[in-house]
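Work through the exercises below with the sequence and the model side by side. Each task is followed by a solution that goes step by step.

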Amino acid sequence: MTAYADFYRRSIDERDAFWAEQAALIDWKTQPTQICDYSKPPFANWYVGGTTNLCHNAVDRHLAKRGDQNALIFVSTETNEERVYSFRELHAEVQRMAASLLALGVKKGDRVLIYMPMIAEAAFAMLACARIGAIHSVVFGGFASGALASRIEDATPHVVVSADAGSRGGKVVPYKPLLDEAIRLSAHKPAAVLLVDRKLATMDLTAGRDHDWATLREQHLNTVVPCEWVDSTHISYTLYTSGTTGKPKGVQRDTGGYAVALAASMQHIFEAQPGETYFSTSDIGWVVGHSYIVYGPLIAGMATIMYEGLPTRPDAGIWWHLVEKYKVTRMFSAPTAVRVLKKQDPALLKKYDISSLKALYLAGEPLDETTAQWISDSLGVPIIDNYWQTETGWPILTIANGVQKAPSKFGSPGVPMYGFDVRLIDENTGEELKGANQKGVVTIEGPLPPGCLQTVWRDDARFVSTYWKSIPGKLVYNTFDWGIRDEDGYFFILGRTDDVINVAGHRLGTREIEESISSHPNVAEVAVVGVADQLKGQVAMAFVVAKDASALSEDAARLKLEGDIMKVVDGQLGAVARPARVFFVNLLPKTRSGKLLRRAIQAVCEGRDPGDLTTMDDPGALQQVRQLFTK
């Protein structure tokens, strides 16, 4: 890989010259005067002095050459809707949304929280915020009131954009009652709520606060809203991600560095061609949806599919039908989705003409070799794994086939991408591990490349202490993932070093789930661990010590309490965070100093050796976990 090796080495050794060249991939109103200001590590400011706009780069700049080409393709198999917007039509809709937000008092720098199903208006809202210099904060539509309230409180939005309901598997999920309850719970009260009425559920409107999108849109059909040129370092959005403490972290992203990072990734990693079609099956509530449903493909001049529905409805051929219909060339999904499709009728993969498809990219959780081999054989296209985080905004490890063609290795996401100075560090000594097949913590030397988080929203101290000071004596960015590197430089990710679990690509903090379960009146103590699962990668398992265990000798009483606890989690965090099982124990495995032995619990649940237990207070606690789990 000499061409890529040189390309990569230059991105590290001649950082500013390299990233100055990549900056030419986007439009600037004023050119940057400094490529990277890293005078206050670990804070990096990219393209200082430059002014640009994300919406201009995603929409406006394509109007002259490809105004009538497809830009946004909205498909819902839940409501049987399909609508294609050209770049010109998208431009008009985004201006209507921008005018509506301005009319509701949104100004440059104000936050707009977006709590939406996967509908076109969600993309309009994101792009409209970027257009006027507002900061969007998208919250996944699967989150319940408690989780939504904490994000409203932290982001302090001027406006919330939402809808009457979403739909999943043919079942309507009302959003408005969840939003109303979240606003009631939050200390911060937004000035206005803008609602898309899909006519799926009735809505109780709050006079003076709630506004109908269709009505406001009608008032601004022809309103021209020019792009607000903002500093490269202007905050484009915040996106909340689970951490090792219960309070979610608001990952804060800039504008110029992010636009350049996405434009470069579309060329070097995804081999994007303007006029082609990109299909990411993610949700805009996650970082993949931000980078590779909304911004990345549009910046590259591609059409992007926004899909509301399951991969199995109306049947498991729906995605391949869309690939055929819209001549999809690049597709991005998650290993869990592929494992779901693997269980379906294989004939559905042969039913459609998918000859337009050039590659399938997978991320969100580790990709096992068996699944990778199956989908590779089934589709006959390259399967390209990639590894990254909400924090980085684009892939850390993958294959840059746009620079030099290279083979994928099943089970490995690939090699470090340009700009990411990836090091494996011994967790105990802080020493770099340079040899092959040595297990260490995956870290990145600063500065982080363009597109990565600037800081944690309103909490610089947490940004430094969480990500940069966790390895003694080293100022390096910690991914909190274990990894090894083979003789060819390919990395293999071995799982988390902290208490974050990955359920079907959804990153969940065990502490958040534990706090929710603890709020049940009959819970004294709880430990939540992620346990390996063939379909979802991991599932959450909860072990609870009840305050009053007198009735729990009966199966019916245990099942009822388990169901009640699951309802609490559903109500506070949403079904996405619901544990697969709740087990009741007399005591939890702890060290003599009182520290919960989560890793030992996880090892027992997965049938592995729990390791050194010499500091354990009562060995009987772990034995009880083993007996319950192997029943």
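**Exercise 1.** Which residue's side chain meets that of Arg10 in a salt bridge?

Before starting, note that this is a predicted model, in which local features need pLDDT of at least 70 and side-chain atom pairs count only at pLDDT 80 or more, while totals for chains, interfaces and linings use all residues. Residues are numbered from 1 along each chain as its sequence is written, and side-chain values use heavy atoms, with hydrogens and water left out.

Solution. Apply the criterion that a side-chain nitrogen of Lys or Arg lies within 4 Å of a carboxyl oxygen of Asp or Glu; the partner of Arg10 is then Glu21, with an N to O distance of 2.7 Å. Next, place the two residues: Arg10 belongs to helix α1 (residues 2–13) and Glu21 to helix α2 (residues 15–22), 11 residues apart, where helices are DSSP runs of H or I with at least four residues, strands are runs of E with at least two, and both are numbered from the N terminus. Finally, consider accessibility, for which buried means under 20% relative accessible area, exposed over 50% and partly exposed in between (1.4 Å probe, protein chains only): Arg10 is partly exposed at 25%, and Glu21 is partly exposed at 46%.

**Exercise 2.** Is Glu271, a salt-bridge partner of Lys405, buried or exposed?

Solution. Begin with the contact itself, in which the closest N and O atoms of Glu271 and Lys405 are 2.5 Å apart. Glu271 sits in the loop between α10 (256–268) and β16 (277–280), and Lys405 in the loop between β21 (397–398) and β22 (415–416), so the salt bridge ties together parts that are 134 residues apart in sequence. With a relative accessibility of 18%, Glu271 counts as buried, whereas Lys405, at 57%, counts as exposed.

**Exercise 3.** In what order do the 4 strands of the open sheet follow one another?

Solution. Taking two strands as paired if DSSP finds at least two bridges between them, one reads the order β23-β24-β26-β27, with antiparallel pairing. β23 (421–425) and β27 (491–496) stand at the edges with a single partner strand each, so one side of each has no neighbour in the sheet. From one strand to the next the twist averages 45 degrees, an angle between N-to-C directions of axes fitted as lines to C-alpha atoms, on a scale from 0 to 180 degrees. Within the sheet, β24 (residues 440–445) and β26 (residues 476–485) are joined by 5 bridges, and Val441 has Trp482 of β26 as its bridge partner.
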